[in-house]
Every structure is written in C-alpha cells, then in structure tokens.
Amino acid sequence: MVEVAVTAPAVLDVHDLRVSYAGAVQALRGVSLSVPEGSVVAVLGNNGAGKSTLLRALSGTLPAQNGAVTGGTIAFAGREQPRDAAAIARGGLVQVPEGRRVFSNLTVEENLRAGGLAAPDKAARAEARAWVDELFPILRERATQRAGLLSGGEQQMLAIGRALMASPKVLLLDEPSLGLAPKIVERVGEVIREINDRGVTVVLVEQNAAMALSVADHAVVLEVGEVALQGTADELAESEAVKERYLGVPRATSTAERVESHAQPLEVEALSVRFGGLAALSDVSFTVEPGSLHALIGPNGAGKSTCLNVLSGVYEATAGSVRYGGRELTKLRPHRIAALGVARTFQNIALSPRVSVLDNLLVARHRLMRSGFLADGLRLPAARRERAEHEARVREIAELLGLTELERPVGTLSYGTRKRVELARALCAEPELLLLDEPVAGMVRDESAAMAEAITRSRAELGISVLLVEHDMTFVMGMADRVTVLDFGKRIADGTPAEVQRDAEVLRAYLGGAA
Amino acid sequence: MRRLGLVAVVLAFAVAACGKGGADESAGGEAAGGEAAVKTGPGTTADTITLGYLPDLSGVFAPNGKAMMEGANLYWDAKNEAGGICGRQIKVSVQDTGYDPQKAVAAYQQLSGDVVGLGLVLGSSIVSALLPNVQQEGMFLNFAGWTSDILPNENVAIAGTTYDIEAINAVDFLLTQKGLKEGDTVGHLYFEGDYGENALKGSKFAADKHGLKLVEQKITPADQDMTGQVSAFKKAGVKAILFSAAPPQAASLAGLAASQKLDVPIVANGPGWTPQLLTTPAADALAANYHVVSSMAPLSVQSEGVTKFLSEYEAKFPEGTPSSNGSLYAYAGAQIADAALTKACENKDLTRKGVLDALHSLTALDTGGVVAGTLDFSDPASPPGNLVYIAKVSKEAPGGLEALGEPSQAADAEGYSF
Amino acid sequence: MNQFVTLLVGGLFLGAIYSLVALGFVTVFKATHVINFAQGSVLLLGAYVIARLHESLGFWPAVAVGLLAAAACSVLIDVVLIRRIRRADLGTLAILTLGVDILLATELSRRIGTDVLNIGAPWGNHVTELFGIRVATSRVVAGCVAAVLVAGFWAAFKFTDWGIAMRSAAEDGETASLMGIRLNRVAAAAWALAGALAAVGGLFLTSFPAAGVTGGVGVLALACIPAVVLGGFDSPGGAVIGGLIIGVVSVLTAGYQEELSFLGRGLGGVAPFAVMLLVLLIRPSGLFGTRELTRV
Amino acid sequence: MSRRLAIYAVVIVALAAVPIWFESFWLQTGLFAMAAIIAAIGLTILVGIAGQLSLAHAFFVAVGAYGYAYLADKIPPLLAVVAAVLLAGLAGALFSPIAGRVRGIYLGLASLGLVFLGQHILQNATGITGGYRGIAVPPFSVLGFEFTGADGMVVLGVPYGPLEKLWYLGLVLVAVSLWYGRNLVRSRPGRALATVRDSEVAAATNGIDVVRYKAAAFTVSSMYAGLGGVLMALAFGRIVPESFGFLLSVDFLVMVVIGGAGSVGGAAAGAVFVTALPLILNHYSGSLPLLAEPGSGGVGAAELSRLLYGAAIVAVLLFARDGLAGLVHRKERVV
C-alpha cells in the first residue's frame with residue numbers, strides 16, 4: 001500500500017490498523033496513514049466507511065463503544081500511543097467529537113476551562129485562552145451563557161475552542177461541518193487554516209468532500225474500513241472517482257415494472273418540526289405515489305431522519321399535515337400508524353441483540369397475530385397454529401432477503417446482515433408503505449447493490465410504496481422513481497433523478513461552493 | 001428407557017424403606033436407662049435431655065439473642081456440672097431464626113425431631129409461626145416475650161407476668177407514688193407489634209378505670225429520634241409517660257423531654273432498659289425520671305437467685321455485669337424448664353406430654369427472686385406471675401436499676417381480663 | 001401553632017442531616033451512575049469508628065479518623081468492584097452495592113452487638129434556645145455544619161477545576177475523557193466525598209437526641225432514598241431540598257400522629273415514601289431531576 | 001427422544017419420592033424454595049424480559065399470601081387460590097399507571113415505596129390482616145382431600161402430614177409456572193415485551209402498544225408473585241407482616257440477577273440458591289468447624305451465611321455476568 005508522500009516528518013503514524021466492534025464487526029481492515037507535522041490531512045468517506053472508527057482508535061475512545069484495536073500500530077510523536085483517552089489528550093492529541101458535544105449544562109466559560117484541564121501548565125492555559133478569544137470573539141460575548149443555548153455554529157466554535165484550550169499538537173476534527181449552513185462551513189474552513197498556520201497539525205474527518213479538500217494538504221478516502229484512494233487534496237478534488245462517489249452518475253434504472261399496488265398515496269404537506277429553538281424541518285411538502293419508490297435525500301443533518309420520525313409518529317409535528325389515504329397521521333400514536341400498514345427501519349439498527357433473528361422478525365407480525373398471554377402461555381392449539389403459519393411466512397421473507405441461520409442472536413451477526421434483518425423485519429409487517437432510513441449506510445459497494453436489488457424486488461413482488469431516506473446519491477439514482485432533496489430542513493428540489501442531478505442547488509449542497 | 005424408569009422407582013422405594021419413616025419409630029418407648037425406668041420420648045435418651053433454643057442470632061434482635069444464649073448456657077453448664085436432671089445431662093440444641101419466620105419454621109423443623117421442648121423462643125411473630133406445629137407435637141415452649149396475646153395456650157410458658165399487667169402496675173405506681181390524678185393526661189410511647197400494643201392494652205384499661213386521658217404515640221424500631229413524639233406529648237400536656245419500646249428510644253425520649261422542659265416521670269416495661277443507657281448523653285435525664293416496671297428482677301436486688309446468677313456470670317465473663325437483660329430472661333426460662341423436667345422426672349415421665357403436664361402441675365415455683373414472686377403454671381389462660389418489681393434508674397446500683405421496695409401488684413390487675 | 005413551629009424547626013434540622021447523606025447518594029450517581037445501597041453501612045462504619053475511638057483519641061481526632069475510614073471504604077468499593085463492571089446496567093450495579101452492604105452491615109452489627117455506643121460529642125445533650133424554641137445543640141451544630149458543607153460543596157462544584165471536571169464527566173463522560181479528564185479519578189473523588197458525607201451524617205444521626213451507635217443505624221440511610229428520589233437523582237440541589245422535605249414530613253407526621261391516626265398509627269416511617277410516590281406521579285423524574293428523553 | 005423421556009421419568013420419580021426419605025426440614029426448605037421459584041419467575045419476566053426494574057415484588061407476594069389466608073375459610077380453598085392470584089394481578093395492574101409514567105431507577109425506587117406502604121397497611125388494617133399478630137392460613141384442600149395430617153395417611157411407613165402433601169402441590173405449581181413462563185418468553189406477548197425492553201420506539205413502530213404491554217408485564221409478574229405468596233403462606237401455616245418486608249424484595253431481585261435476568265430457568269436456580277443457602281448453612285452449622293457456638297460470640301453460622309450471601313452476590317456479578325443461566329449455556333457475546 002502506498003504511503004502518502006511525506007514532506008515533513010510524520011507526527012502521527014498509523015500502520016495497518018485493524019479495529020473490530022464487540023468481536024463481531026470488522027470496522028477497519030488494515031488502514032495505514034501518516035500525518036506530516038504541521039499539515040492538514042482530510043479523511044473522506046461515506047457513513048460507516050470507518051472514518052469515525054479511525055478517530056476513535058486515535059483518541060482511545062474505542063472501548064466506550066466496546067470496540068478494540070485487533071492489529072496494527074499507532075505512533076504519536078514517535079512513541080507508541082497510550083490506550084487511555086485522557087492520557088492521549090494530555091499528550092497533546094485532542095479530538096473535537098462529532099456533533100460538537102459541548103457540555104450543554106455548563107457555561108461557555110466553564111466549557112473552555114474543562115478543555116484547559118488537559119493543558120500542560122498555567123502559562124499554556126493563559127496563552128491558549130488568549131488565542132481562543134482572538135479566534136472566536138463570539139465566545140467572549142457569550143461567556144456566561146449555558147452552552148446548550150448556543151446556535152449550532154457557535155457550538156462548533158466552542159467545541160473547537162475547548163479543544164484548543166488543551167494546547168494540542170494534533171487536533172482531530174470529526175465532521176465539523178455537520179448540519180451547518182454553508183457560510184458557517186466556510187468559516188469553519190478558515191478557522192482550520194488559521195489553527196494550522198499556528199503549527200497545529202490537523203486531521204479532518206468529513207463527509208463534505210468539497211469543504212475538506214479545500215482546506216486539506218493531503219487526503220485519504222476510506223471505504224468500508226480500507227483506504228480506497230489517497231493523494232494530495234488537489235489531485236483528489238480533480239479525480240473523477242471522487243466526483244462519481246459523491247454524485248452518482250445515473251445508471252440504467254433497474255426499477256422492476258410496477259405491479260398493481262393496493263397502497264394509498266402518502267401526502268406530506270407544509271410539514272414543520274422544531275426542537276426548542278432550532279427548526280429541524282420547515283414547510284416540507286411531497287407526495288409518495290402508490291407503488292412508487294420515492295427517495296428523500298440530502299446531506300447529513302438535512303432533516304431526513306426527522307421527517308421519517310414524524311411520518312412514523314415517533315416525533316410530533318409542530319405544524320403541517322401528513323395524510324395516508326384518508327387518515328391524518330400526525331395525531332396518531334406510533335403503534336396506530338403501524339396498524340395502518342406503515343412499517344419502517346432505523347438508521348442505527350433497533351433490533352433486540354440477544355433475541356434470535358426469527359423472533360426479531362416475528363415481532364413485526366405482532367399486528368397481524370392475535371394470540372395473547374393466555375393462548376400463548378398455555379400453548380393452545382389456536383396459538384400454535386397461528387405461530388406456525390406466521391413463522392412459515394416469515395421464513396419466506398427471510399428467504400427473499402437471503403437470510404439464513406434464523407436461530408442466531410442478532411447481536412452476533414455482521415453489520416451488513418443486521419441491516420438486512422432490519423429490512424426483513426419491516427417487510428414481515430406486510431406493509432403497504434415502507435419507510436427506509438439509510439438502508440445501506442456503511443455497506444460495501446456490492447453489499448449495497450444487493451440491498452438495492454432486494455428493495456426493488458420486494459417492492460415489485462409485494463406491490464408496496466417505499467419512502468427511502470438516503471444521503472448516498474449514487475445508491476438512490478439507480479432505483480428511485482422520484483427524488484425529494486432536503487437541505488437544512490428545507491426542500492431544495494423535487495423531481496426525477498435526472499432532473500435532480502442537474503439541479504444547481506443540489507450540486508452546491510453536496511459539493512459546496514466547489515461545484 | 002422403561003427399564004431406567006423402573007430402576008429409579010425401585011431405587012426410590014429401597015431408600016424409602018430405610019428412610020425417615022424408620023427413624024421416627026425408635027423414639028418413644030422404654031429407655032434402657034440404669035435407674036428406675038423413666039418413660040422417654042423424642043429428645044430424651046438414657047443419658048441426655050435435649051432442649052431446643054430458637055433465638056435470633058443474625059437478625060434485628062441478634063444482640064439480645066446472643067445475650068440470651070449466654071444466660072442459658074450459663075444455667076445449663078452449672079446444672080450439668082451439678083449432675084444434670086434425672087441423671088441425664090442437658091443438651092442445648094440451638095438454631096438461629098434471624099427473626100425471620102421463614103427461617104424459624106425451617107429451623108424448628110430441623111430440631112423438632114429430637115428435642116423434648118423449646119427452652120426459649122424469641123419474638124411473637126416467630127412463635128405464632130411455630131405454634132401450629134408445636135401444638136401438634138405437644139411440646140412446651142418457653143416464650144421470651146411477655147405478651148398476653150399468646151394466652152390462653154397449653155404449650156407456652158412465660159417467665160412472670162405480661163406487658164399489659166406491667167403497664168397497669170405502672171399506672172398504679174404513678175397514681176400512688178407520683179401524684180397522678182384523675183383527669184390528668186398520660187402519654188404512651190410504644191412499638192408497633194406485640195410488645196408495644198400489648199402494653200397499650202393494659203394502659204388503656206388502667207386509663208379508663210381512673211379517668212386518665214391517654215395520648216398514644218406508636219413508633220417502629222427504625223425510629224431513633226423522638227423529636228416529634230416528645231413535642232406532641234408536650235402539647236398534650238402529659239403528666240407522665242409510659243414507655244414500651246427499646247433502649248435507644250428511651251434515651252432519645254428522656255433526653256428530649258428534659259431538653260423540652262417536660263419534667264415528668266417515665267415508666268417503662270422491662271425491655272425498655274439496658275445499663276448501657278447510663279453511658280449515653282441522656283444519662284442524667286434518665287436518672288431523674290426513668291422507672292422500670294417488670295416481673296424480671298433488677299440486678300441490684302439481693303435475692304439469692306439473682307446473686308447466684310451474677311456470681312456465675314462474673315465467673316464466666318470477667319468483664320462483669322451482663323449488658324443486656326436477655327441473659328437474665330434466658331436464665332429464668334431455664335429455671336422454669338429445669339423445674340418442669342425435674343418434676344417430670346419425679347413422675348417418671350420425660351415424654352413431651354409428661355414434661356408439659358409437669359409444667360402445668362407447678363403451682364408455686366420460686367425462682368429465688370429472679371422472677372417476682374412465685375409462679376403458678378396451672379392455668380394456661382393467665383400468666384404464671386402477677387407481681388412486678390418497680391425500679392428507678394440509679395447510677396450507683398449494679399445494672400443501673402434500684403428496686404423500690406418489694407415485688408408488688410396493683411389492685412386493678414385483678415379486674416383485668418386478657 | 002407553637003408546636004407546629006417546634007416540629008418544623010426540629011424537622012428542618014433532622015432534614016439537614018438527611019440532606020448530607022442524600023448529597024452523597026447523588027454525587028456517586030452523577031459521577032458513576034450507581035445507586036449506592038452501601039451508603040447505609042458506610043454511614044454506620046463512620047459512626048462506629050468515631051464511637052470506638054473518641055475515648056482514646058479524643059473527639060475531634062476520632063471524627064477525622066472516622067471520616068477517613070468511611071471515605072476510604074467508599075473509594076475501595078468503587079475501585080475494587082464497581083470499576084470492573086463500569087458499563088453494567090443500573091440494576092446490576094445497584095445489586096452489587098447491596099451485596100457489599102450486606103457484608104459490611106453484618107460484620108459491623110456483629111461487632112457492635114447489644115451495645116449502644118456513645119458517640120462522645122462534646123455538646124452531649126445540651127439544648128439551645130432559638131426564639132423560644134428549644135432545640136438540641138447537636139442538631140443546631142448539625143444544621144450549621146450541613147449548611148457549611150452544602151455551601152462548600154456547591155462552591156467547589158461550581159468554581160474549582162475538580163467541580164468542572166466532575167460536571168463535565170457527569171454530563172458526557174466520553175467527551176470529558178477526550179478533554180483529558182481522568183474519569184476514574186473523578187469517580188474515586190466522588191465516592192470518597194460520598195463516604196465522608198455519610199460519616200458526617202452518621203455522626204449527627206447517632207448523637208443526641210438519638211441514643212448512640214447501634215447495629216440498626218445503617219437502615220437510617222434508607223430514609224434518604226425518598227429524599228434523593230423526590231429531589232431528582234442527578235440533582236445535588238434536589239437532594240438537599242429532598243432531605244429537608246423528608247425530615248419535616250417524618251417529624252410532622254410523628255408530631256401530629258394523634259390527628260392523623262385515621263391513616264393508621266406509626267406513620268413516621270411510611271410518610272416519606274408516600275410523599276415520594278406522590279411526587280413521582282406528578283414529576284416522573286423528581287422535582288429537579290433531568291428527564292431522560294427517548295432517542296431513535 | 002426416548003432418552004429425554006427416561007430422564008424426565010427418573011426426575012419425576014425422584015422428586016415424588018422426596019417426602020418419603022427426607023426429613024421435614026428438607027421438605028420445609030423445599031417448599032419455601034418452590035414458593036420463591038414461582039415468584040422469581042414472575043419478577044424475571046418483569047425485570048429481565050420487559051426491562052422494568054421493580055423492588056415491589058414482596059408487596060405483591062404479600063397480597064397473594066394474605067388474599068388466600070383471608071378468603072380460604074370463606075370460599076373453597078381452590079377458589080381462594082385463584083382469587084388470591086387474581087387479586088395480586090389486580091394490584092399489579094393498579095400500580096401500572098405509575099409504572100407507565102416513571103422510568104428506570106425512578107421506577108425501581110418508586111416501587112420500593114410500595115413495599116413500605118404495604119407494611120403499613122398490613123400492620124394497621126387489623127380487620128383483614130390481623131395486624132402484627134398476622135393470620136392463620138387455612139389448610140389447602142381440593143375435592144375434599146385435606147392437605148393436613150388429620151387423616152393420618154401413611155405411605156411406606158411415613159406419616160403424610162401437611163408438609164408431605166404440600167410438597168406435591170408445590171411440585172405441580174412450580175411445574176406449571178415454569179411451563180407457562182417458558183412458553184411466554186418465546187410467544188407473541190413475550191417478543192413484544194422484549195422489544196419494549198430493547199427499544200420502546202422500535203416496539204411502537206412495530207405496532208406494539210407500549211403502555212398496555214408495560215401494564216400487562218406488571219400484571220402477569222404480580223400474578224406469579226401472588227401464586228408464590230399462596231404457596232409461601234401454606235408452607236408457613238401462619239403469616240405475619242414481617243415476612244414481606246424490604247429485604248424480601250431485595251432477595252427476589254437478587255434471585256433474578258444472579259440467576260441471569262430474563263432466563264426463567266436462571267430465576268428458578270437463583271431462587272433455590274437464595275432461599276436454601278442460609279437454611280442449609282444453619283443446618284450444617286454444627287458440622288462446620290470454624291464456626292463459633294451460638295451465643296459464645298465470634299462468627300456464628302448465622303453471620304457466616306449472611307456473609308456468604310453477600311459475597312455470593314458480589315462474586316456472581318463480577319465473574320459470571322450472565323448469571324447462573326449464563327454459566328450453563330455460554331452464549332456468543334452479543335453487541
């Protein structure tokens with residue numbers, strides 16, 4: 001494997017790193033990366049490609065997610081990296097976690113002090129403090145406010161400032177642009193450069209390729225736990241490979257010819273959701289035609305999942321309406337919505353890990369089965385017959401998705417397989433409308449191809465409508481009949497895949513100013 | 001497989017044959033003792049008589065339980081050295097109840113097979129749990145709890161009189177000695193459960209009889225701080241306080257009463273005292289107002305029973321006087337069991353029934369002053385004794401209590417029905 | 001009226017002591033998400049050590065040793081046991097501490113036996129008069145000490161580096177460790193503090209008007225559970241308020257037992273739990289506790 | 001197949017033969033253990049399967065026990081059993097509004113409050129409960145067959161008293177409870193409860209009415225508690241409030257946890273361990289050399305069993321995380 005062309009001596013040197021979660025899931029499969037002193041290195045890749053895992057390995061926070069380094073080495077400043085997160089931070093390798101994670105009950109001032117605890121001495125603290133004030137004057141104004149009340153952008157600034165208080169040698173940034181408006185993203189970019197100019201080495205993990213490549217010297221693209229591409233930022237920015245990864249080139253639509261669907265239209269009208277101050281969704285409208293495959297896409301933090309959660313009754317809508325057939329969904333409790341034949345999957349799998357695949361699938365039959373505490377507990381013939389019938393049907397569906405070993409506890413399966421179980425469970429509910437939340441996040445290309453295949457097939461065979469939430473355009477373009485694009489909670493485009501791909505707004509949302 | 005099953009069945013039955021069914025047979029019948037044949041049954045052999053003891057050694061009353069076993073061992077060791085009863089040594093078989101009826105029942109099941117009777121059982125919840133079996137197997141049970149709820153009962157022996165009678169005597173004492181008058185208000189601080197509520201029965205009776213107003217304050221052993229209770233008493237303007245709880249509460253009560261300028265006599269049941277109280281900050285307050293009414297002798301009484309007990313105790317435990325009344329209770333209990341067994345021996349019948357009859361035939365047992373007066377076990381419907389010692393706290397007296405005069409009895413007690 | 005005031009004051013002072021013990025519960029919970037059922041026997045340990053040593057060492061040194069013993073014991077529980085299964089669920093951890101509690105309580109009450117050990121406080125059974133209300137001096141002292149400790153605790157929590165590390169760790173352990181905060185140290189500190197607070201509570205709960213240290217003192221910590229719950233498990237302020245409420249409630253129910261007799265006598269012990277249940281019905285996470293919201 | 005049958009046959013015969021060749025101490029201990037097993041299964045369904053932490057179990061056990069004792073001399077004992085179980089179930093259902101609102105530790109400690117309230121009621125509602133004196137438990141009888149020693153029944157030279165007869169009743173009840181419990185875990189309601197435990201959101205979006213199922217979990221587990229209570233009462237012959245306090249609740253939770261939360265078999269094992277350990281240690285205290293003689297100071301059998309109990313809890317939680325059940329069949333570690 002080719003190392004990044006090293007100019008300065010490497011301050012951080014990762015060699016053939018392998019990480020797995022809970023013994024089961026291989027998250028990194030031999031990643032090598034060397035970070036030259038004083039450089040900015042960007043790590044790109046899709047959800048689940050292993051970016052965050054790489055950072056966790058570097059900052060020693062794997063154990064919290066019961067993951068572990070199973071092979072390879074990490075050398076920091078020429079020495080073997082200690083295992084304990086606190087020790088690492090005090091050693092000068094400080095991470096700004098994904099989603100900022102400021103201490104929202106502490107004041108801005110206190111947050112900065114918390115960061116300062118890792119600083120080598122008083123002098124360093126004072127110096128760092130001065131610098132932070134200079135970098136982020138806004139934090140000075142807000143010093144006494146609770147961090148939770150800051151805007152997303154301000155929180156990102158605080159998170160970075162908090163990390164700088166530890167006067168780091170190397171700064172790890174995890175998705176700093178996540179869910180931030182373009183202007184602020186640009187500001188973050190500038191900040192990173194300023195920090196770098198002060199001689200702090202930066203490792204930047206980003207989905208927003210444009211932003212990352214604009215600030216980075218070197219970059220690597222991870223794909224399912226391996227380095228797929230690497231080189232200088234400029235090379236990668238030009239490379240077709242990257243473009244293609246972030247803007248699917250339209251393939252021949254593999255949409256199976258529509259079967260007659262008994263589903264009803266799902267009409268979302270002027271839907272708005274706000275959490276406290278910030279608006280997660282504002283005034284979003286679209287319609288899912290019966291039997292169609294409708295994709296809801298947008299960069300992370302665009303409000304896709306929020307939308308799905310409202311449709312399935314998990315979140316309350318602040319305004320607007322969602323009608324399925326004649327029924328208004330926004331007023332119904334989730335299990336009532338499910339009873340209407342609306343099934344969903346979850347982005348971060350929500351299966352029962354200790355329970356067998358079969359039983360996890362049977363859960364979805366709940367609304368279709370009748371037997372209760374008495375009949376089941378006493379194993380009355382009726383109950384046994386019912387179980388037999390439904391088990392048979394569940395096995396069929398499992399077959400359809402190529403699931404075997406139905407007796408194994410779900411927790412022992414690989415990530416990809418669990419994703420398929422998640423889909424299978426939704427299908428087992430015999431839905432009319434299927435809501436899929438990022439079904440291929442973190443899958444290898446052929447895995448996700450298989451998933452796409454499975455979705456289109458089951459849709460064709462079962463004649464259901466599908467609303468698919470996905471941030472990976474490539475995946476969607478191949479299969480969707482219609483695409484709605486969200487950005488910062490607003491609908492920025494709606495149309496056929498072809499139309500959407502040509503839409504300037506969309507390009508900007510995905511590739512930032514670059515495109 | 002059928003064969004396997006068969007084997008199992010056969011096996012089971014084989015074992016059964018030589019099982020417990022056989023074991024029970026051997027009990028009863030004539031013992032091959034040397035001297036004149038004495039009828040024996042479970043718990044008695046040619047050379048031993050076994051008594052069961054069921055104290056609490058691990059639960060809330062574990063400390064008392066231990067003290068009790070001290071007292072019992074003390075008595076029986078001496079007795080055995082003196083040759084035992086009926087030429088037999090007395091064997092004490094102890095099982096812990098942890099003051100938990102469940103453990104108690106199991107413990108009982110375990111020793112009931114080979115004891116002639118129960119030398120001592122602590123706690124009325126325990127006794128109630130055991131009674132069905134005890135009655136069925138017709139053995140006597142010495143109850144370390146002076147509640148009349150248990151009466152009438154053929155099987156239960158109590159050392160002295162009951163809490164309600166003590167309370168009646170207490171009121172009488174207040175009327176005659178402490179200038180309590182009709183129409184006055186009296187407070188009664190008592191434990192939830194048999195002890196307190198039985199005493200309350202007595203105090204209510206006496207209160208009606210003498211037109212006293214009674215202010216009840218019920219507490220649980222967990223309550224250590226009597227602030228609320230005392231201020232309630234103060235508000236009600238009580239002229240005296242009856243106390244049927246444990247020493248910790250006594251200290252709190254007396255101390256707070258003093259601090260709230262509630263300077264009235266306090267009269268407690270036997271369990272309300274331990275010499276330890278004199279080491280607490282409330283010592284002065286106690287010395288000023290605290291009295292104890294009990295059929296158990298204060299250790300300062302110079303009767304031969306008590307002096308004997310003390311000398312034996314000091315011989316075995318050099319650190320001196322017993323820290324808890326438990327040991328004296330058990331000692332008295334042992335005296336009663338001793339008397340019953342001796343009598344049974346004279347009647348040449350050491351079976352459980354024999355012992356029980358012997359017990360009921362005791363009409364004037366003298367414990368040498370350990371228990372007030374003489375004890376009459378002939379009537380299972382009333383407690384064997386009705387005299388009580390009335391004692392006052394005194395820092396000089398051994399055991400911290402100084403008896404006021406001879407054992408006495410309140411006239412009211414006559415009219416009292418259990 | 002006068003009685004009411006007397007009871008109220010008495011209750012507040014008793015409550016002040018509960019507050020300290022409750023504060024211990026909360027500190028441990030915030031730092032390590034453990035419901036520490038062993039708090040009761042740690043309290044007993046502290047009181048026991050003081051009672052045993054005050055004659056030989058004198059009162060104040062004995063207190064110092066007692067506090068240290070309790071703190072050390074508490075820390076040991078964390079370092080030796082809890083740390084090994086940090087990420088276990090609440091129930092498991094709670095029951096682990098229950099196991100420890102059984103061990104400690106059994107051994108201590110075996111040593112104490114029938115004795116009622118005098119805590120040997122210099123204020124003995126003195127009484128102080130506050131605006132015509134006579135209160136046991138020890139309670140007044142307790143009140144002041146509690147006030148000072150709570151204030152100090154609050155200040156430390158708010159202003160010191162330790163406090164900030166503590167609060168950061170409580171809010172988001174992983175991020176805190178990314179900021180170089182050593183979670184294990186924070187945890188140990190919290191447990192030590194809880195132990196010391198328990199010992200102080202023990203000292204006052206066993207000095208006048210209570211009789212002294214008996215085997216049963218440990219269960220007094222049970223009375224602090226309702227205090228913690230209705231205050232809100234993760235809120236130090238809530239613990240203090242909760243403690244005061246419980247103190248007042250239990251003293252008042254005892255004082256007005258005559259008037260409340262229709263509810264059955266001996267309410268003192270139950271009332272706190274009844275109040276707790278009512279509060280939970282209205283506010284499912286206590287008065288000041290933070291709601292945990294369900295995430296997808 | 002036939003092998004398993006054979007094994008079952010042997011086990012059944014062995015269990016059936018126990019009263020014939022074991023002392024009454026063992027029968028008594030066994031009965032208490034059986035009562036505990038039944039109640040513990042109930043709690044493991046609530047805590048292990050449905051994930052609702054509860055310290056109120058002793059209260060529901062008490063409802064069952066007192067319910068039977070109070071009713072059995074007014075209506076036929078068999079009906080009294082049914083009524084007592086239903087009564088306990090009702091009590092559980094009535095608590096579920098709180099259970100519905102309150103989560104996690106708050107639920108656990110709120111339920112703890114229930115135990116203390118229960119104690120207060122038992123002590124003060126003297127009309128029904130007999131207060132501190134408790135009440136005598138009428139003997140069980142079905143179709144005129146009395147579970148007492150009155151009929152002087154003798155089997156193979158062994159007089160069959162109440163204990164011997166109750167033993168068989170206990171066996172039947174335990175068998176039924178185990179059977180029902182196992183069925184429930186892998187049934188529609190069982191799956192629903194497990195899903196509620198792992199993710200209420202996922203449960204709801206799969207059409208499961210979360211609130212209703214939480215209530216159901218409490219009801220079922222309380223009914224188990226009630227049945228356990230009835231057997232416990234019968235084993236006692238007389239019940240008093242002290243038997244149903246805080247410590248009993250703790251014991252039940254310990255049974256479930258060291259048994260391995262969610263495992264019916266584990267709960268049973270835990271129940272036997274917790275109930276029998278102290279009794280048996282006492283039993284052999286005489287033959288254990290290191291122990292001081294009761295009353296002579298030093299560590300007695302009683303303390304030792306308490307200490308062992310505490311140590312056992314700690315040890316199991318530290319070294320056998322999945323509890324006794326986990327020791328039996330090692331599962332693959334799950335995420």
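**Chain B, its strand 9, and the contacts between chains**

In strand 9 of chain B, B:A240 is the bridge partner of B:V186. Helices and strands here are DSSP runs, numbered from the N terminus: H or I of at least four residues for helices, E of at least two for strands. The model is predicted, so local features need pLDDT of at least 70 and side-chain atom pairs count only at pLDDT 80 or more, while totals for chains, interfaces and linings use all residues. Residues are numbered from 1 along each chain as its sequence is written, and chains are lettered from A and ligands numbered from 1 in the order in which they are written.

The bridge of B:V186 belongs to a pairing of strand 7 (residues 185-191) of chain B with strand 9 of chain B, parallel in sense and made of 5 bridges. Two strands pair if DSSP finds at least two bridges between them. Strand 9 of chain B also pairs in the parallel sense with strand 10 (residues 266-269) of chain B, over 3 bridges. There, B:L242 has B:V267 in strand 10 as its bridge partner. Together with helix 9 (residues 247-259) of chain B, strands 9 and 10 of chain B make a right-handed β-α-β unit. Right-handed means that, with the strands pointing away from the viewer, the path from the first strand over the helix to the second runs clockwise.

Strand 9 of chain B covers residues 240-244, and 5 of its 5 residues are buried. A residue is buried if 20 or more other C-beta atoms, placed from the backbone, lie within 10 Å of its own, exposed if 12 or fewer, and partly exposed in between. Both faces of strand 9 of chain B are covered, with B:A240, B:L242 and B:S244 on one side and B:I241 and B:F243 on the other.

For chain B as a whole, the secondary structure comes to 14 helices and 16 strands. Of its 418 residues, 62% count as buried. The C-alpha trace of chain B spans about 80 × 55 × 45 Å along its principal axes. The radius of gyration of chain B is 23 Å, which agrees with the value near 22 Å for a compact globule of 418 residues. This radius is taken over C-alpha atoms, and the globule rule is 2.2 Å times the number of residues to the power 0.38. Among contacts in chain B with a separation of 6 or more, 72% join residues 24 or more positions apart. A contact requires the C-beta atoms of two residues, placed from the backbone, to lie within 7 Å.

One residue of chain B that reaches another chain is B:A129, in helix 5 (residues 124-137) of chain B. B:A129 counts as buried because it has 28 C-beta neighbours inside 10 Å. Leaving out residues up to four places away in sequence, B:A129 touches B:P101, B:A104, B:V105, D:F236, D:R238 and D:V240.

Among the 5 pairs of chains that touch, chains B and D have the most contacts. Chains A and B have no contact, and their closest C-alpha atoms lie 27 Å apart. Chain A does touch chain C, through 24 residues from chain A and 16 residues from chain C. Helix 2 (85-90) and helix 3 (108-116) of chain A each supply at least two residues of the side that touches chain C.
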